[in-house]
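Colleague: Before I use this model at the bench, I would like to go through the terms applied to it and hear what each one rests on.

Modeller: Gladly; here it is, and we can take the terms in turn.

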Amino acid sequence: MWRISPLSLKRTIFPIGWSNQRLLRYRKRRMVIGLKENGSLTVKRRKLAEYKEKRIFTMEGQAKGNSHIIHLDKVWKTYLMGEVKVHALRGVSLTISRGDFVAITGSSGSGKSTMMNLVGCLDLPTQGAIFLDHKDISRLDESDLAQIRGRKIGFIFQQFHLIPTLTALENVMLPLEFQDIELSEARKMASSILEKVGLGDRMHHLPGQLSGGQQQRVAIARSLANNPEVILADEPTGNLDSVSGANVLGLLETLWKKEHKTIIMVTHDSSLAKHARRVVQLKDGRIVEEG
Ligand SMILES: Nc1ncnc2c1ncn2[C@@H]1O[C@H](COP(=O)(O)OP(=O)(O)O)[C@@H](O)[C@H]1O
Ligand SMILES: [Mg+2]
């Protein structure tokens, strides 16, 4: 048994277009998911043999054209803390071109993660509109958000959010299995992605047997499993030493240049931010500088 918070679960292994309903159905087939009193989920895998259902995996082709892929229009996000309103974002407007590499900087509490959660279809704005691929995502329900998230977005976090009891290969296979891809096919796809991130010789290691940098590369491999067009990286090097951090950044740059992914990277390290093509600075929920 391992434990992971519901939000990080949604962000990582369940982002593949799964509504809550489907999650419950999945539970019957493959996993036992329980909600603990403290709000955390417990998940226990079933035997592989119990999992038989097969469906066709549709991988969307990369969208064409050079138009913008993300557009925020006067976006506000207000959290209610008891009686107190916290304005995490105060009317942010921002347009991100397809295939761009954007760094979001700003001090702690400036609203960076809030913005990533909104762009990543994990949360809804209080006011304003957000367009992903010209579709307004700011009024969708959770099931539609999950669909879009699963097709378009890959997440990378400071805490790698790997499942400690699964090997690197199994961690990367998980989102593919959630797409109902046949196991042998999922294994093939996951190993080729792991090769791509330079971990071909570490596939059968558990996260605990890997360095921080290697774990983050597994997390990147997992984020690539659904072939997302947009990669959202929230402080991806925050837990890494400078050499591993540079490796991870190099990998993101490769995905940007060679695979034409749109990359949005939150960092408060200006030496990392300057690798991006564009830098957007947030302060107290507002954009103060745009490069
Ligand atoms: N779920 C939440 N509930 C209440 N306040 C929140 C929540 N998430 C973020 N905040 C507040 O919103 C502001 C912006 O937070 P965040 O987006 O996490 O900033 P950053 O990622 O730049 O450090 C902070 O004041 C934070 O305390
Ligand atoms: Mg943050």
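Modeller: In this predicted model, the crossing of helices α5 and α6 is right-handed, and the residues in contact are A168, L169, V172, M173, L176 and E177 on α5, facing A186, R187, M189, A190, S191, I193 and L194 on α6.

Colleague: What makes α5 oblique to α6?

Modeller: Helix α5, residues 168-178, packs against helix α6, residues 183-196, at an angle of about 125°, and their axes lie 9 Å apart. An angle counts as roughly perpendicular from 65 to 115 degrees and as roughly antiparallel over 145; the angle of about 125° belongs to neither class, and therefore the pair is called oblique.

Colleague: Which classes of residue make up the contact of α5 with α6?

Modeller: The contact has 10 nonpolar, 1 polar and 2 charged residues.

Colleague: How do you know that H161 is buried?

Modeller: A residue is called buried if 20 or more other C-beta atoms lie within 10 Å of its own; H161 has 20 such atoms within 10 Å, and therefore meets the cut-off. H161 sits in the loop between β9 and α5, and has a positive phi of about 60° although it is not a glycine.

Colleague: Why is N227 called partly exposed?

Modeller: N227 has 16 other C-beta atoms within 10 Å, and because buried begins at 20 and exposed ends at 12, the count of 16 falls in between. N227 lies in the loop between α7 and β10, and its phi, near 50°, is likewise positive in a residue other than glycine. Most residues other than glycine have a negative phi.

Colleague: What makes β5 and β8 edge strands?

Modeller: The open sheet has 4 strands in the order β5-β4-β7-β8, with antiparallel pairing. Strands β5 (84-97) and β8 (135-136) each have a single partner strand, so one side of each is left without a neighbour in the sheet.

Colleague: How do you know that β7 and β8 count as paired?

Modeller: Pairing requires at least two bridges, and 2 bridges join β7, residues 127-132, to the antiparallel β8, so the requirement is met. F131 has D136 of β8 as its bridge partner. Strands β4 (residues 68-81) and β5 are joined by 11 bridges, also in the antiparallel sense, with V75 partnered by V92 of β5. In the hairpin of β4 and β5, which has 2 residues between the strands, G82 takes a positive phi near 65°.

Notes. Residues are numbered from 1 along each chain as its sequence is written. Chains are lettered from A and ligands numbered from 1 in the order in which they are written. This is a predicted model: local features need pLDDT of at least 70, side-chain atom pairs count only at pLDDT 80 or more; totals for chains, interfaces and linings use all residues. Axes are lines fitted to C-alpha atoms, for helices over the stretch in contact, and angles run from 0 to 180 degrees between N-to-C directions. A crossing is left-handed if the near helix is turned anticlockwise from the far one by less than a right angle, and right-handed if clockwise. Two residues are in contact if their C-beta atoms, placed from the backbone, lie within 7 Å. Ala, Val, Leu, Ile, Met, Phe, Trp, Tyr, Cys and Pro count as nonpolar, Asp, Glu, Lys and Arg as charged, and the others, Gly among them, as polar.
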